[in-house]
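Student: I'd like a close look at one single part of this model. Pick a strand, please, and walk me through what surrounds it and where it fits in the whole chain.

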Amino acid sequence: MNSRERFWKTMRFEKVDRLPYWSDWLGPWRTWLKQGLPLPYRNESEFDAKQWFIDFFGFEGMFSAFWGTNRVPVNLSVDPPFEEVILQQTDTYCIKRQGNGVIVQQFTDNEESLYSTHFVEYPIKNRADWVRFRDEHLDPHAPGRYPPPDEWEQLKAQWKDRDYVISIDGGSFYGFLRDWIGFEDLSYMVYDQPKLVQEMMDYLADFYIEILHKAVSEVEIDFAMFWEDMCYKTGPLLSPAHFRQFMLPNYKKVTRFLEEHGIELSWVDCDGNIEALLPLWLEGGVRGFYPLEVASDMDAGKLRQQYGQQIVMWGNVDKREVAKGKAAIDRELARLAPVVAQGGFIPLVDHGVPDDVSYANYLYYLEQRKKLTGW
C-alpha cells in the first residue's frame, strides 16, 4: 500500500496498515541545534527549513493551504505584489510594507521561531481602495499565478504516475479580507457596508475558480485546502448568520467547481474554536478540519461522536502537553487513540511546534505517535 492509497483509505474510514506519516508544522530547529539536532545547513540563506524538516524526519509531506508540500503551486493571493519597502529600521525593530500592501512592525532581535507581528496600516479602507486593490493586484491572469510553462509541464509529468497525495489551494474569504482590511475595520464593515463585503467575497469566489481552472483541468489532484483563521479561543470572529450570508454561497460555488473536476475532498485550516461554524462549512462542501486547537477546547473525540463519518480531521495533539515531557505526551496520545482507531483522523501537533518543545520531547512524541499510528 503506497502513501496515496493509505491516505484515501484513512479518509474513507477503511482499514490501513498504518496512518499517513505527515509532518507537523515545523519546529524550533534553531533552538534544537543547541540540544543535539545535527547541523542542517552550511549557509542559512540557502537553507529551506520546511523541506529539510520533512526530509530529516522522514515525513511524507507538510500540508497546509498556501505553503504546504506536496502542493500544486498556484498563487491565489496578491499578484503582482506591492513593492516591499522598509519604512523605518532600528536596532530592535523594522517597519515595512509587505507584498500584500500591509504595513507591519516586526522585531529583529527575536531568536524564537514563532513571533507576533504588529499591524500598522492596511491597504483597504473603503470601496475606492478595494477597486484599486482588485484591479491592480487581483488579476486572475497575472503571470505569477502559475510556474513558468516549462516548469509547469515538468511538474505535470512528475505528478502523473505518483504514489503520494498532492493538494491545491481552495482560497480564503474572511481570512484574506481580514489580512487586507484588518479585523476591527472588517467587523464594522460587515454592518456598515454589507454590500461591499458581499461584493468582495463574491469577486474572490469567481477569482479563485478562474485561476484554478487550468490546474484542475490538467492535473489529477487529491484534495483542496482553504484557509480562514476566523475564530478565537471561544468562538468565531464572524457570526454564523453573517457566515451564511456572505461566505456560504461562495464556499458552495468553489467546492461545487472543485467536485466537478474530481476533487471530492476539501479541508479548511481555521485556528480557535470552530464548533459554531463547522456545520456551515459542511453545508458549504468542506469535510476536512484542522488543526483543532486543544487550547480552544477543540476535541476530536467529541467531534467524531457528534458528526460521525461526515467529517475528517487532523491535528488535535496539544502542543502544551508535548512540551511537558514523556508522561504528558503519553496521556495526550492515549486520549486520541480511540479517534485514531475509528479512522478519518491523523494526529498532529495542533499548530506550529512552539519553542518550549525540546528536541528530546519532540523525538519522544514522534516515537510514540509512530506506535499509535502503526509505524
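Tutor: What follows is a tour of strand 9, from its pairing partners out to the whole chain.

First, the ground rules: this is a predicted model, so local features need pLDDT of at least 70 and side-chain atom pairs count only at pLDDT 80 or more, while totals for chains, interfaces and linings use all residues. Residues are numbered from 1 along each chain as its sequence is written, and side-chain values use heavy atoms, with hydrogens and water left out.

Strand 9 covers residues 312–317, and because six of its six residues are buried, it is largely enclosed by the rest of the structure. Buried here means under 20% relative accessible area, with exposed over 50% and partly exposed in between (1.4 Å probe, protein chains only). Helices (H or I, at least four residues) and strands (E, at least two) are DSSP runs, numbered from the N terminus.

Now for the neighbours. Two strands count as paired if DSSP finds at least two bridges between them. Strand 8 (residues 288–290) pairs with strand 9 in the parallel sense, over two bridges, and methionine 313 is the bridge partner of phenylalanine 289 there. To get from strand 8 to strand 9 the chain passes through helix 11 (residues 300–307), making a right-handed β-α-β crossover. Right-handed means that, with the strands pointing away from the viewer, the path from the first strand over the helix to the second runs clockwise.

Next comes strand 10 (residues 345–349), which is parallel to strand 9 and joined to it by five bridges. Glycine 315 has proline 347 as its bridge partner in strand 10, and valine 317 stands opposite valine 349.

Two helices belong in this picture as well. Helix 11 lies across strand 9 and strand 10, at about 155 degrees to strand 9. Helix 13 (residues 326–342) packs on the sheet too, touching strand 9 and strand 10, and its direction makes about 170 degrees with that of strand 9. Contact means heavy atoms within 4.5 Å; axes are lines fitted to C-alpha atoms, for helices over the stretch in contact, and angles run from 0 to 180 degrees between N-to-C directions.

Zoom out a step, and strand 9 sits in an open sheet of six strands with parallel pairing, in the order 5-6-7-8-9-10. The edge strands are strand 5 (167–171) and strand 10, each pairing on one side only. From one strand to the next, the twist averages 25 degrees.

Elsewhere there is an open sheet of four strands, ordered 1-2-3-4 with antiparallel pairing. Strand 1 (85–89) and strand 4 (118–121) are its edges.

As for the whole chain, the secondary structure comes to 14 helices and ten strands. Its radius of gyration is 21 Å, close to the 21 Å that the globule rule gives for 375 residues, so the chain is as compact as a globular protein of that length. That radius is taken over C-alpha atoms, and the rule is 2.2 Å times the number of residues to the power 0.38. Buried residues make up 54% of the 375. Among contacts between residues at least 6 apart in sequence, 69% join residues at least 24 apart.
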